Amino acid sequence: MPRNIITRISAIPPIQRQSMIQLGVTLAITLFGFLSTMLFSHLLGEDLMGVYYLFLAYYGVFNMIGDAGFGGAAVKRISEGKDQNEYLTAYAVLRFLLIIISTLILLAISPYFVDLREYDLIPWIIAALAAAFFGNTITYGVYGLGHVGIRNLATGVNEFVRIFIQIIAVLLGYSLAGLFGGFIIAIIISGIFCIKYFTFRPARFTADHLRSLITYSFWAFLIGSGSLIFSYADTIFIGYFMDNGDVGVYRVALQLTTAGTFLTAAIAGTLPPKFSNWSAKGDLTQIPGILTKSITYGLLLAVPTAAGGILLSDRLLYFFYGAEFAAGGAACAILLLLQIVNVFMVFLGTTLSAIDHARQSFYASGSAALLNVALNVLLIPIIGIEGAAVASLVSITLNAVLLWYYLRQHLSVRCDLRSAGHILLSALLMATVILVYMQFVPLTNIFLVLVPVAIGAVLYFVVLFRLNREIHDEIADLAKQFGLPWPHWL
């Protein structure tokens, strides 16, 4: 990379620079992930894909038990700049003990879960938990030190290695074992990637360090448990009330909706260390402006993706993943709306926890998680996977509303209504054009489906940039600083 480009990139404010790096990583990962999932869906079918998603769900549950919120607590305390070696050492010891406890719980309950026994998932889950002990200890430490870009790159390495190994293994005929093995190996490699920046040394920690971690981790664990319910309760309940194939259809539909989450994931990953550091210094004045702008940029992709995706979801599922996955079209449309609400939930929750109000964050996520479970149990037996989608949408909306209520007690929280209005108007114009296209052109092949996607995307950004020069100028400046061409006519 030419030196002048490096100089220009270094001049970009840290949060913007780290967000752009994370955006590039997230975009590449998502595209690669979409392509690999399409391949796996065609080769393995909905049933085996459902089993893999159940493995991820069970791993998520027991890894959460094995972390108990201490990972987030360690990042928080390390980012504050005091006793960093002691806090990291305390976290590693606690994590090791909790992984053992988590494994024992898994072995104890396994006789009562058919899927765990039928597909011999237990050894794979235990191996994944052991890999997570190594990988997460390294990456959490690096993240706490403020090396957000390195941590984001490690996430990218994890995903790329996982997908690459899984593709090779599946093509060689290893099926589920290839998917599980790729997942585990990638966790280990992501930790190895960060070792160079892992500058910690083992240090004797005290009861005060443990108490400090426990105080924060208690609420972080409860918050994480709520997030875990949002992530996996629908999967587990669909697997319980319905078939593995239904799990596969639902999770593939959910993955398709993540096309609009690039910016949200990229920006949210850079905020906690900065917000935490400012909070520890008693300086909250910079946070509201960054939070408002973050929400705006999260909506920048989530709204048009929902507007276009609702019209095309069943056709996209049919041609990208296979005919059996087209049954997820209605659920996909609901989940696309969820991703819009998720923008607010992610940024509000990230901010509330980072400024040391984890208890209130839990009140919000805990209430919404209970509602999520109740709605899943009530709706899935009645309307199937669409019930799971409705349960997630309603509960995440409640979570976002409660987070807004609590956060505004500490900060000025507002949405840039002018920019949000421009985004919504541009998306509606795009959706109108797509709808007209669909009235005259039958969507009988993948090419005819991709045409309105491309036309809609170009129209959306052209209209938005014409309406909102502030968004245009910021994106144009960033593109130029990264040495990317920018059309003068925009």
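## Thr-103 and its surroundings

Leave aside residues up to four places away in sequence, and Thr-103 touches Ile-126 and Leu-129. This comes from a predicted model. Thr-103 itself sits in helix α4, which covers residues 84-109.

Is Thr-103 buried or exposed? Its relative accessibility is 15%, and buried means under 20%, so Thr-103 counts as buried. For a sense of distance, take Arg-201, which lies 98 residues from Thr-103 along the chain: the C-alpha atoms of the two are separated by 28 Å.

## Where α4 meets α6

Thr-103 is also part of a bigger picture, the pairing of two helices. Helix α6 runs over residues 122-144, and its axis comes within 11 Å of the α4 axis, with the two crossing at roughly 170°. Angles over 145 degrees count as roughly antiparallel, so that is the label for α4 and α6. Their crossing is right-handed.

On the α4 side, the contact is made by Leu-88, Tyr-91, Ala-92, Arg-95, Phe-96, Ile-99, Ser-102, Thr-103, Leu-106 and Leu-107. Facing them from α6 are Ile-122, Ile-125, Ile-126, Leu-129, Ala-132, Phe-133, Asn-136, Thr-137, Tyr-140 and Gly-141. Sorted by class, this contact has 14 nonpolar, five polar and one charged residues.

## Another pair: α7 and α8

Further along the chain come helix α7 (residues 148-171) and helix α8 (residues 175-194). They pack at an angle of about 155°, and their axes are 7 Å apart. That angle makes α7 roughly antiparallel to α8. The crossing of these two helices is right-handed.

Which residues of α7 and α8 meet? From α7 the list is Ile-150, Leu-153, Ala-154, Val-157, Asn-158, Val-161, Arg-162, Ile-165, Gln-166, Ala-169 and Val-170. From α8 there are several partners, among them Leu-179, Phe-183, Ile-187, Ser-190 and Cys-194. The class count for the contact of α7 with α8 is 16 nonpolar, six polar and one charged residues.

## Helix α17 and its buried residues

Now for helix α17, at residues 417-440. With 24 residues, α17 reaches 35 Å from its first C-alpha to its last, close to the 34 Å expected at 1.5 Å a residue.

What are the buried residues of α17? They are Ser-419, Ala-420, His-422, Ile-423, Ser-426, Ala-427, Met-430, Ala-431, Ile-434 and Tyr-437. When you read a list like that, one rule of thumb helps: an α-helix has 3.6 residues a turn, so residues three or four places apart point the same way.

Conventions
Residues are numbered from 1 along each chain as its sequence is written. This is a predicted model: local features need pLDDT of at least 70, side-chain atom pairs count only at pLDDT 80 or more; totals for chains, interfaces and linings use all residues. Side-chain values use heavy atoms; hydrogens and water are left out. Axes are lines fitted to C-alpha atoms, for helices over the stretch in contact, and angles run from 0 to 180 degrees between N-to-C directions. Helices (H or I, at least four residues) and strands (E, at least two) are DSSP runs, numbered from the N terminus. Angles under 35 degrees count as roughly parallel, over 145 as roughly antiparallel, 65 to 115 as roughly perpendicular and the rest as oblique. A crossing is left-handed if the near helix is turned anticlockwise from the far one by less than a right angle, and right-handed if clockwise. Contact means heavy atoms within 4.5 Å. Ala, Val, Leu, Ile, Met, Phe, Trp, Tyr, Cys and Pro count as nonpolar, Asp, Glu, Lys and Arg as charged, and the others, Gly among them, as polar. The expected span of a helix is 1.5 Å times one less than its number of residues. Buried means under 20% relative accessible area, exposed over 50%, partly exposed in between (1.4 Å probe, protein chains only).
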